[in-house]
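Welcome, and take your time with these exercises. Have a look at the chain below, and then work through each task before you read its solution.

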Amino acid sequence: MNAFPSSPSSALSASPAQLQAETKRPTLTPAGLVGNTPVLWVGEPFTAAGRGFWAKLEGCNPGGIKDRTALYMVQAARERGELRPGARIVESSSGTLGLGLALAGVTFGHPVTVVTDPAMEPLMAGLLAAYGADVEHVGAPHPTGGWQQARRQRVEDLLAAHPGSWCPDQYGNPDNVAAYRPLAHELVAQLGRIDALVVSVGTGGHSAGIASVLRGFFPDLRVVGVDATGSTIFGQPAAPRLMRGLGSSIFPGNVSYDVFDEVHWVCAAEAVWAARALARGRCASGGWSVGAVGLTARWLAADMPARARIVAVFPDGPERYVGTVFDDAYCAAHDLMGHQPADEPEEVTYPGERTITRWTRCTTVLDPLGATRRGGPAGATG
């Protein structure tokens, strides 16, 4: 017996010629699978009754949001002659950009080496290998720059060992920002009006790329950046971090500090709670970034007028996190279970006021490097 009774709206037409469907066009290359991702309304039970936000589901790309920038950076470098046909691509990644570069490697015909660290999930390492990428692990963190700086130094070694190879430098490459203009245009086409944007911040690419375009359409747009506790991006001291995909132990040159109206820091246990609640309540979730962004957007939906149109960018899906965020044993071992966040974030008046260990909000957003960055290279330091 069919569990789903037919209705006039769901019954199939008698003639295939009368069928209509909204689908992506057939594509000849894997690059055609990227983009035009859906938006989903996230309301109760995750939010209060009558309140909610729209989630841009970038996990519907083959590898996640960074498929967009990987394809764009590779194609742009090829057009400028920086990346020769068949040359090796070498880059540091905790996973998502690595998947995007593997996709770009298949699309354009380049071998790919991804440099990562021991915290990369086995599932992610397995997917990269399945897509033909070589995966290199660094063995110890840099004394001041942590795992990210250690990975970047290994990238430099590999570039020297492979003459003609190319590194996208996602942290400082302006193409990483430009790649997200189409995503912003998709949001305008899908939603018409946007009053607030909630975005995680890691390399700074998608937050800068999306927000700068949307501000051109909506000058009063409220832009909320979401960082991880223990991340240095917005002026906090570096500390060990479980969360992958947002936050940094270096200062990425692509972070556009002037675009943010406020920043929220979220800890790992709070992100786990939100990611799991999203999965149960809306069957649409992801990992650390999605949990942190979802928690912040949930609060913003309660804080802003009910008519406000809020967009939260969900960078990936839940699949790679079945052994971490969604694994009870892992979460119990790291004391991540049962920590329901407060209804309101704590607040600080400026980023360096104190060391932040739980969900906290600050409406003063400063570039930690300040004049140092303006007077010298804009790339990552430390």
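**Exercise 1. Find the bridge partner of tryptophan 41 in E2, and then follow E2 to its other pairing.**

Step 1. Tryptophan 41 has tryptophan 54 of E2 as its bridge partner. Strands such as E2, and helices too, are DSSP runs numbered from the N terminus, with at least two residues (E) for a strand and at least four (H or I) for a helix. This is a predicted model, in which local features need pLDDT of at least 70 and side-chain atom pairs count only at pLDDT 80 or more, while totals for chains, interfaces and linings use all residues. Residues are numbered from 1 along each chain as its sequence is written, and side-chain values use heavy atoms, leaving out hydrogens and water.

Step 2. Tryptophan 41 belongs to the pairing of strand E1 (residues 39-42) with E2, which run antiparallel and are joined by four bridges. Two strands count as paired if DSSP finds at least two bridges between them.

Step 3. E2 also pairs with E9, in the parallel sense and over four bridges. Here lysine 56 stands opposite valine 313 in E9.

Step 4. Four of the five residues of E2 are buried, which leaves the strand mostly covered. Buried means under 20% relative accessible area, exposed means over 50%, and partly exposed lies in between (1.4 Å probe, protein chains only).

**Exercise 2. Work out how strand E6 (residues 196-200) is enclosed, and which strands pair with E6.**

Step 1. Count the buried residues: five of the five in E6 are buried, so the strand is largely enclosed by the rest of the structure.

Step 2. Now take the faces in turn. In a regular strand the side chains alternate between the two faces of the sheet. On one side of E6 are Ala196, Val198 and Ser200, on the other Leu197 and Val199, and all are buried.

Step 3. E6 pairs with strand E7 (residues 222-228) in the parallel sense, over five bridges. Valine 198 stands opposite valine 224 in E7. Between the two strands the chain passes through helix H7 (residues 205-217), and this β-α-β crossover is right-handed; that is, with the strands pointing away from the viewer, the path from the first strand over the helix to the second runs clockwise.

Step 4. E6 also runs parallel to strand E9 (residues 310-314), with three bridges joining them. The partner of alanine 196 in E9 is isoleucine 310.

**Exercise 3. Trace the salt bridges of aspartate 117 and glutamate 121.**

Step 1. A salt bridge is a side-chain nitrogen of Lys or Arg within 4 Å of a carboxyl oxygen of Asp or Glu. The structure holds 20 salt bridges.

Step 2. Aspartate 117 is bridged to arginine 151, with the closest N and O atoms 2.8 Å apart. Aspartate 117 sits in the loop between strand E4 (112-116) and helix H3 (122-130), while arginine 151 is in helix H4 (residues 146-161), so the pair links distant parts of the chain, 34 residues apart. Both aspartate 117 and arginine 151 are buried.

Step 3. Glutamate 121 meets arginine 320 in a salt bridge (3.0 Å, N to O). Glutamate 121 is in the loop between E4 and H3 and arginine 320 in the loop between E9 and helix H10 (328-333), so this pair ties together parts 199 residues apart in sequence. Glutamate 121 and arginine 320 are buried.

**Exercise 4. Locate serine 94 and list its contacts beyond four places in sequence.**

Step 1. Serine 94 is in the loop between strand E3 (89-92) and helix H2 (96-108).

Step 2. Its relative accessible area is 17%, so serine 94 is buried.

Step 3. Contact means heavy atoms within 4.5 Å. Leaving aside neighbours within four places in sequence, serine 94 is in contact with Thr116, Met120, Glu121, Met124, Arg151, Arg244, Gly245 and Arg320.

**Exercise 5. Which residues touch the most other members of the largest nonpolar core?**

Step 1. A nonpolar core is a set of buried Ala, Val, Leu, Ile, Met, Phe, Trp, Tyr and Cys residues joined through side-chain atoms within 4.5 Å.

Step 2. Among the 44 residues of the largest core, Phe53, Val198, Trp288 and Phe314 touch the most other members.

Step 3. Another core lies apart from it, with 33 residues, among them Phe234, Val255, Val311 and Cys362.
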